[in-house]
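Okay, hi everyone, thanks for having me. Let me put the model up on the screen and then we can walk through it together.

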Amino acid sequence: MGVNLNMFGKRDPNVYGTITLDEINDKIRELAKDLGVDVDIFQTNDEGKMCERIHRASMEDIDAVVINAGAWTHYSYAIRDALAILKVPIIEVHMSNIHAREEFRHTSVIAPIAKGQITGFGVGSYLLGLRLPLNIASDHRNMTSPVLSFT
């Protein structure tokens with residue numbers, strides 16, 4: 001998970017609500033357990049560390065990446081290029097509807113390489129993002145050991 005997302009619960013509650021990143025992560029882990037998948041959750045405010053985590057993901061046995069890159073969504077070609085290395089589905093998620101916000105948020109440099117984008121459902125965006133790769137894999141048939149990376 002990207003830049004400033006560690007400030008959920010404190011940052012603009014009219015847009016993001018009052019849920020904290022820890023509470024979001026708990027909900028992701030709970031759903032993952034119910035679905036029988038493993039998740040790895042990573043958040044940083046350092047663009048270089050995010051690229052390094054994505055590079056490591058390219059060498060790991062993962063089945064999908066679900067990413068909320070925060071503000072990096074709109075301008076980080078470094079993160080976009082790192083994601084493009086991956087051979088697994090990338091699902092872009094956002095708590096708020098980025099298309100109903102400021103004009104600069106309407107453009108995602110990640111969207112063209114993502115399998116899809118889920119925006120505007122609060123924590124539900126993450127939970128839908130967790131379910132989507134399982135749907136893509138037709139109820140696990142194509143997933144030997146489902147592991148999803150939340151970056």
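Let's jump right in with one residue, Arg53. Arg53 counts as buried, because its relative accessibility is 3% and the cut-off for buried is under 20%. One thing to keep in mind before I go on: what you're looking at is a predicted model.

So what does the side chain of Arg53 meet in a salt bridge? The partner is Glu60, with 3.1 Å from N to O. Glu60 isn't hidden in the way Arg53 is: Glu60 counts as partly exposed, at 34% relative accessibility. If salt bridges are new to you, here's the general idea: side chains of opposite charge can pair when their charged atoms come close.

How many salt bridges turn up in a search of the whole structure? The search finds 6. Let me show you two others. The side chains of Arg29 and Asp26 meet in one of them, at 3.9 Å from N to O. These two residues both belong to helix 2, which covers residues 21-35, and they sit 3 residues apart there, so about one helical turn separates them. Both are partly exposed: Arg29 has 43% relative accessibility, and Asp26 has a relative accessible area of 47%.

Then there's Asp81 with Arg80, where the closest N and O atoms are 3.4 Å apart. Asp81 is partly exposed, with a relative accessible area of 43%, and Arg80 is partly exposed too, at 23% relative accessibility. And now back to where I started: salt bridges that share partners join Asp40, Arg53 and Glu60 into one network.

Okay, zooming out to the charges on the whole chain. There are 15 positive and 19 negative side chains, and the centres of those two sets lie 1 Å apart.

Now the fold. The protein chain has 5 helices and 5 strands. In what pattern do they follow one another along the sequence? Reading along, you get α-α-β-α-β-α-β-β-α-β.

What about the overall size? The C-alpha trace spans about 40 × 30 × 25 Å along its principal axes. The radius of gyration is 14 Å, and a compact globule with 151 residues would have one near 15 Å, so the two agree. Buried residues make up 47% of the 151. On the outside, the chain exposes about 7500 Å², and carbon and sulfur atoms supply 48% of that.

Here's a number I'd like you to think about for a moment. Take the contacts in the chain with a separation of 6 or more: residues 24 or more positions apart account for 73% of them.

You can see that sort of thing at Ile79, so let's go there. Ile79 is in helix 4, residues 77-84. Is Ile79 buried or exposed? Buried, with a relative accessible area of 0%. Which residues does Ile79 contact, if we leave aside neighbours within four places in sequence? They are Glu47, Met50, Cys51, Ile54, Ile67, Trp72 and Ile110. Take Ile110 from that list: Ile79 and Ile110 are 31 residues apart in sequence, and 8.1 Å apart in space from C-alpha to C-alpha.

Next stop is Thr119, in strand 4, which covers residues 116-119. Thr119 is also buried, with a relative accessible area of 16%. Not counting residues up to four places away in sequence, Thr119 touches His94, Ser96, Asn97, Ile98, His99 and Ser125.

Last, let's look at the segment before helix 1, and helix 1 itself is 13-16. Met7 is found in that segment, and Met7 counts as partly exposed at 33% relative accessibility. If you pick out Asp46, 39 residues away from Met7 along the chain, the C-alpha atoms of the two are separated by 14 Å.

Asn4 lies in the segment before helix 1 as well, and Asn4 counts as partly exposed, at 33% relative accessibility. What stands out there is the backbone. Most residues other than glycine have a negative phi. Phi of Asn4, however, is near 70°, a positive value in a residue other than glycine.

To wrap up, here's what I'd take away: a chain with 5 helices and 5 strands, 6 salt bridges, and a network made of Asp40, Arg53 and Glu60. Thanks, everybody!

Methods:
Residues are numbered from 1 along each chain as its sequence is written. This is a predicted model: local features need pLDDT of at least 70, side-chain atom pairs count only at pLDDT 80 or more; totals for chains, interfaces and linings use all residues. Side-chain values use heavy atoms; hydrogens and water are left out. Helices (H or I, at least four residues) and strands (E, at least two) are DSSP runs, numbered from the N terminus. The radius of gyration is taken over C-alpha atoms; the globule rule is 2.2 Å times the number of residues to the power 0.38. Buried means under 20% relative accessible area, exposed over 50%, partly exposed in between (1.4 Å probe, protein chains only). Contact means heavy atoms within 4.5 Å. Accessible areas come from the Shrake-Rupley method with a 1.4 Å probe; for residues, only the protein chains shown count as cover. Lys and Arg count as positive and Asp and Glu as negative; His and the chain ends are not counted. The place of a charge is taken as NZ of Lys, CZ of Arg, CG of Asp or CD of Glu. A salt bridge is a side-chain nitrogen of Lys or Arg within 4 Å of a carboxyl oxygen of Asp or Glu.
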